[in-house]
Each structure stands twice: as C-alpha cells, then as structure tokens.
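Colleague: I would like to learn how to read a model like this one. Where should we begin?

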Amino acid sequence: MSNPIEAENLTRTFGDLVAVNSINLTVEEGEVFGFLGPNGAGKSTAVRMLTTLLKPTGGSATVAGFDVASEASMVRKKIGVALQDAAIDPLMTGNELLRLQAVLHGISRHGGKERCAELLERVGLTAAGDKRVGTYSGGMRRRLDLALSLVHQPKVLFLDEPTTGLDPTSRVALWEEVRTLNKEIGTTVFLTTQYLEEADQLAQRIAIIDNGRIVREGTPTKLKSDVGAPTLRVDVVESDYEIAKQVMRKLGEERPARKGRIAIGLDGGTRAITAVLKSLEEQNIEVQHVELDEPSLDDVFADATGRRLEGGADT
Amino acid sequence: MVRQPQAWAPTLFFPLLLAAVYAAQFSKAVNLPEFPYPDVTFLDFILPACVIQGVLFGSTNSATDLAGDIENSFMDRLLSSPVSRSSILIARLSSAFIYGLVQATILIIIFFAFGAELSGGASSALALVFLTSFLSMGVGSFLIAIALRTGSQEVVNSLFPIIFVFIFISSAFFPVELMDGWYGQIAEWNPLTWIIDWTRVITIEGFSWDAFLRASGVIFLISLAGIVTSIHQLKRRLAVAS
C-alpha cells in the first residue's frame, strides 16, 4: 500500500513566479509531518495542491493513494482540511456548522447528529455547541475548525498554520488535541507552520521549505544533530563588535545571529567557552552577555538558508 | 433571514418608501389623457413595478453571499469536500428564486393592506409572485457570475445603482406612452419595460396566458444568458483546482 502522501517533483508556478519548485515528499502512515517555513515560502501553495484546491503545473502527487490531479474527487473523500483562514460563518452555531459539514460529506442525519456531538465533546465545545460562532474566541474557532475537518473520519488531515494568531494557552491546547488525535486514532497529519516550537513539539518528521524548495528533511533530532556543535552567542559593546567577530571566527565556524550579536559553532563543547572568553579578554573586549545553545530548528533553518526564521536578520 | 435582518429589511423598506412617495406625488397622473389605465389607482399601477424593484434589489444578496464565501475561504471548504461543483451554483440560484418569492409575497400583502387591488385575484397574485421570483433568479445569475469572476463583495454591491437605473429608465413608475425623446426610446427597448408592462396586464386586466408567457419568455432569455455566464465563470474559477 502506498504512503498517505507522496509527491514527486511537485511544482506550481504563477506566471514567472515559481511558488513551489519541484518538491519531493513522502509522509508515512500515522505520522505527524511538519512542513516548516517562513511566510511566502510555498507552504500553503503546496497544501492547496495536495488538497486538490490548486492544480499542479508540474510533477505529481498522491494523497491516500489517489492522484491529486486525475482522481481529485476520491482524494476529497479521504482528507480533512483546516485551512489557514478558518472559514466559519459567524451567524451559525458550532452544531449547525458540524451538521452542514456532515451533509457535505454525505453522512446520514442520524449518523451526523451522533458524530457532531462526539466531536464537540472531543474539542471541548459541548457547552458552546448551540452558541453562534461569532461569540467564540480565536482558540474556540480553531478547535471547531479542527472538529469540522474530522467529521468524516479522514485518513489524512491537513492543518495549514492551525495556531497562527492564537494566544499561547490556546496554542498549547490545540497541540494537545492534535497529539491525542494522532495517538488515539492514528490519523496521519500534514501540518504547515511557521513556528519552530510547534514543529518541534508535534512533528515526528519535518521538511523545511524556503523559496519553494525543500532545503532540509528528517526527524527534528536528526536535523538538529546534523547542524553539529552547540552555538555560542556573545553580545559585546558596539565599538568592539568587528574585532570580537574576527577573534571568534578563529575559534569556531560563524553562524547566523541577530544584529549586534556574534555566534559561532563550538566544536569543543562547553569547555571551549573558557578559551573564547579568554581570547576576547586578551583583546580588551567587554563582553555583555554570553549564552550557549544546543542546536535548534532555527539553527537548522539558518544553516540551510543563511537566515533566521524567528526574529532574526540575515547574517 | 431571521439572523441577518439587515440584509433583507432595506430591500423591503426601500421599494415601499418609494411607492408611498410616488403614490402621493403622481396619484393624479392616471387622469392624463394618454394614461393607459385611466380606471385604476396609481397604487395599482405601480404595484408590479414596486414588487419587481424590491426583488431586484434583493437579488444582489445571493451574489453578495457567494462573493463573501470566496473572500472568507468558505468556498475552499466546499471545494475541498466531495460535494458536486454544480450544486454550488444551483444552491445560489435557488436561493435567489426563494428569496424573491418570499419578498414578493410580503410586498403584495403590504400593498393589499394599503388598498391595492389585483383584478385577476389569486391567479394574478400567483403569476406576479412567480414572474418576479423568476426575474430575481435571472438577474441574480448575472450577479452570481460577477461574484464568481471577481470574488469581491464590494464589486457586487457596487452594481446596485445599475439595477436602479435600469428600473428608472423603464415603464416602472410612468407609462412609456407619456415619455418623450431619447428617454422614452431607451425605456421602450428596456427589457424591464416589456416584463413590467406584461405583468401589469396580468395585475390590472386579469390573468392572461398570453401576457404571462410573453413575460416568462423574456425572463427565461435573461436567465439563460445569466446562467450560461455563471457556468462559464464557475468553470473558469474551478480551472485552477484539480
């Protein structure tokens, strides 16, 4: 049996713009697959192709064993989709929206009623089920959107930036829901996100996309270990910045860092910190702040693209 | 309709307000020598025009909702489900028809309450309701095509004045016989004039199959053109999807 999601040289162009450039993907059964990248990287375009909302201009892809271009109607029966903008009518109640979704998927009235009640309970919205969606908080709307995408018990669930715009509490609650869903039901989840922590917390495997190309792919542990040594970050007074940079470059490979900060890979591990600080002191450089980080997904992204994903500038 | 009265209430209120103003201003117009129906009240004369005006204003609602669905991605929810593509269009056209039906019924009841009369009784009333609902769907189908083309509620709403102009350059509130120059010529060739005049025959002279079929024929042609345009625009929009 084929994998739930397979893409080969999948491409989408808009005129001269190549939004998704020949990507290859394999998502295995029961896996949470993270598709990580900055805004405009091509994540949503890729999801729209995999969910049959957009025709690929090159390559091919199968979802749940069906070709997204030639067997689109079969794909639609097998997938659940929660897109970036939760398309929810604020005048309808949660219950009504779930029933509508059940009708769209051809579920009988009786079966739909039971399923809707079950899903409202699953996402903790039983008490709010008969209230209009316009009165829901952002977190409640996202949870309802998740429930809507699960009405027909899909084999593959696509979540396109499910926590964008949510407060930290709602974000963690939604993560928990996705984890439970994957663990208890075994639903394969394709999750796009621009949040490193979200990918790290939820995904068993990750693909990093930048400018329409996949630049890294693997488990979070493997991707981080591939970056290599931990990163030493040092802040110095502005007047010492250039000379400190020269000193530190001699002691380790320079890594991307935000403006005003110098970062290097520390092959010698924590013991090498002393040598770095000693060298800086010998040059009379005033050190303001020192930190040592094990590689993060941000380091993986920076290593692959030369840019930071979170709050960083080009190096 | 219950949850969003602001969407339909103005389309009822506005034609009634205009009817009240015209009935007060032009009530003596029926006494003019060339007035085609000297034996009726001006309220009876403008009854079909006001109902048509009301449903035409309301016909924008279905297209506005569709454009809203495209804007807020609800259309994507529909397109990513196994629902038939044609049902998206059929649902919107049905909605325009039913909306017109409810609106026409309410408007006729209000006109009756203010003393308007239909000489053909129930058959004339039913014919009026059917023709206006059918017209609501026909004009609505053009607006639906524009909603599908642009995906913008603003654009659909901006077409409202065009409908207004079409109604005013017709025999809606004054007989063509009393119009002069280019205005009269445009009104004479305005399909709304034909529909209103034949509908007026039904409401003032009594139900007539000849008038009913003529009005239905014009509305059918308008609807056919609108639906063909809508199907073309839907196909165009879906062409980017698998």
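Modeller: Begin with the inventory of secondary structure. This is a predicted model, and its chain A holds 11 helices and 14 strands. The C-alpha trace of chain A spans about 80 × 45 × 35 Å along its principal axes.

Colleague: What percentage of the residues in chain A is buried?

Modeller: Of the 315 residues in chain A, 45% are buried. Sequence separation is another thing to read. Among contacts in chain A with a separation of 6 or more, 69% join residues 24 or more positions apart.

Colleague: Which domains does the assignment give for chain A?

Modeller: Domain 1 covers 5–218 and domain 2 covers 225–305. Taken over C-alpha atoms, the centres of these two domains of chain A are 39 Å apart.

Colleague: How many residues of each domain of chain A are in contact with the other domain?

Modeller: Domain 1 brings 8 residues and domain 2 brings 7. On the domain 1 side, helix H7 (196–202), strand S9 (205–210) and strand S10 (213–218) of chain A each supply at least two residues. H7(A) has the largest share, with 3 residues. By class, that side has 5 nonpolar, no polar and 3 charged residues.

Colleague: And how should I read the interface between chains?

Modeller: The size of an interface is often given as the accessible area lost when the parts come together. Here we can count residues instead: 19 from chain A and 16 from chain B take part in the contact. On the chain A side, helix H2 (residues 72–78) gives the most, 4 residues. That side of chain A consists of 10 nonpolar, 4 polar and 5 charged residues.

Terms used:
Residues are numbered from 1 along each chain as its sequence is written. Chains are lettered from A and ligands numbered from 1 in the order in which they are written. This is a predicted model: local features need pLDDT of at least 70, side-chain atom pairs count only at pLDDT 80 or more; totals for chains, interfaces and linings use all residues. Two residues are in contact if their C-beta atoms, placed from the backbone, lie within 7 Å. Ala, Val, Leu, Ile, Met, Phe, Trp, Tyr, Cys and Pro count as nonpolar, Asp, Glu, Lys and Arg as charged, and the others, Gly among them, as polar. Domain bounds come from an automatic or database domain assignment. A residue is buried if 20 or more other C-beta atoms lie within 10 Å of its own, exposed if 12 or fewer, and partly exposed in between; C-beta atoms are placed from the backbone.
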